[in-house]
Amino acid sequence: MAYRSSVDIHTEWDIVAARQLGRNEAKKVGFGTVDQARITTAISELARNIYLYAGAGKIEIERLNEGGLFGIAIIASDEGPGIPDVRKVMEDGYSTSGGLGAGMPGVKRLMDDFRVDTERGKGTKITAIKWLR
Amino acid sequence: MNMRIPILKLNDILIVSLQWELDDQTAIQFQEDLLKKLHDTSAKGVVIDLTPIDFIDSFIAKVLGDVISMSGLMGAKVVITGIQPAVAITLIELGIRLENVMTALDLENGMDKLQQELEA
């Protein structure tokens, strides 16, 4: 069983807690300063999306080890309204919040793997992975 | 937990050194404090040094970009200094371009640049 830790997102302070957890985990896995910044920034964006669009949710951080390949997974989940058009939110420059948040394409560029599972009225789960090279 | 960021004045220039990771409230408080200080002191320039900051997300970038535009409206020029390599890389990958923003490698270069701008 992979090591997993999590932060519930309810307030702006929880965004800070989530990225601190992510940075610590990234250090433990052995990521360098640039990847630590990428992972911390990605968590901050995903946590803010939860806070802005779903109101509440959680950020889970999982250390990965797949046959000697090490990495870190960020799992951002909420039971919010869901994303009506995933293709649209993955376009650069698309925003419904008036420019708050760099959006999903930015987070995708920071990470290696990026996956969105969303259902209208049920919620959204975003999994973003960074591998240690 | 909510700490105010100190703003120092040296002649016509305000100097700000961000020393720790900014949360949303501190960032917004800083925006207000800086504009009020500009108003109270009639300073003509601002240097914001980010040397110890190891990541900037889109929210902090927006607050910084906004405070630069707001300072411009009040007649003051702003230079950002000390952006770390990791911060520059993640900002561009994230898709954030702080265009039309004066930057310099460190505080010393930033002060020189600002003096030149103010004398020009």
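This is a short selection-by-selection tour of a predicted model with chains A and B.

**Stop 1: chain A as a whole**

Show chain A alone, as a cartoon. You should find four helices and five strands, and tracing from the N terminus gives the order β-α-α-β-β-α-α-β-β. Switch to the C-alpha trace and line the view up with the principal axes: the trace spans about 40 × 25 × 25 Å. Does the radius of gyration of chain A agree or disagree with that of a compact globule? It agrees, because a compact globule of 133 residues would come out near 14 Å, and chain A has 14 Å. If you like contact maps, consider the contacts in chain A with a separation of 6 or more: 63% of them link residues 24 or more positions apart. As for burial, 39% of the 133 residues of chain A count as buried.

**Stop 2: helix 2 of chain A**

Select residues 33–54 of chain A, which make up helix 2. Put a distance between its end C-alpha atoms and you get 31 Å; at 1.5 Å a residue, 22 residues should span 32 Å, so the two values agree. Now colour by burial. Of those 22 residues, 17 are buried, which means that helix 2 of chain A is largely enclosed by the rest of the structure. Step just past the end of the helix to A:Gly55, and check its backbone: phi is positive there, at about 85°.

**Stop 3: the hairpin at the end of chain A**

Select 113–119 and 123–131 of chain A, strands 4 and 5; they run antiparallel and are joined by seven bridges. For one pair to zoom in on, pick A:Asp117 in strand 4, whose bridge partner in strand 5 is A:Lys125. While you are looking at side chains here, remember that in a regular strand they alternate between the two faces of the sheet. Then move to the turn. Three residues sit between the strands of this hairpin, and A:Gly121 has a positive phi near 80°.

**Stop 4: where the chains meet**

Bring chain B back. Which elements of chain A give two or more residues to the side that touches chain B? Select helix 1 (12–29), helix 2 and helix 4 (104–110) of chain A to see them. Across the whole contact, chain A supplies 21 residues and chain B supplies 18. On the chain A side, helix 2 gives the most, with nine residues.

**Stop 5: the sheet of chain B**

Hide chain A and select residues 3–114 of chain B, the range that UniProt lists, in an unreviewed entry, for "domain: STAS". Over that range the chain is 46% helix and 20% strand, with the end C-alpha atoms 28 Å apart. Look for the open sheet of five strands, in the order 1-2-3-4-5 and with mixed pairing. Its edges are strand 1 (7–10) and strand 5 (102–104), each of which pairs on one side only. From one strand to the next, the twist averages 25°. At the strand 1 edge, four bridges tie strand 1 to strand 2 (residues 13–17), and these two run antiparallel. B:Ile7 has B:Val16 of strand 2 as its bridge partner.

**Stop 6: helices across that sheet**

Add helix 1 of chain B, residues 24–41. It lies across strands 1, 2 and 3 of chain B, at about 25° to strand 1. Finish with helix 4 of chain B, residues 107–119, which lies across strands 2, 3, 4 and 5 of chain B and runs at about 160° to strand 4 (77–81).

Terms used. Residues numbered from 1 in each chain as written. Chains lettered and ligands numbered in written order. Predicted model: local features only at pLDDT ≥ 70, side-chain atom pairs only at ≥ 80, totals over all residues. UniProt positions renumbered as here; feature names shortened; annotations may be inferred. Pairing = 2+ DSSP bridges. Axes fitted to C-alpha atoms, helices over the stretch in contact; angles between N-to-C directions. Contact = placed C-beta atoms within 7 Å. Rg over C-alpha atoms; globule rule 2.2 N^0.38 Å. Buried ≥ 20, exposed ≤ 12 C-beta atoms within 10 Å, placed from the backbone. Expected span 1.5 Å × (residues − 1).
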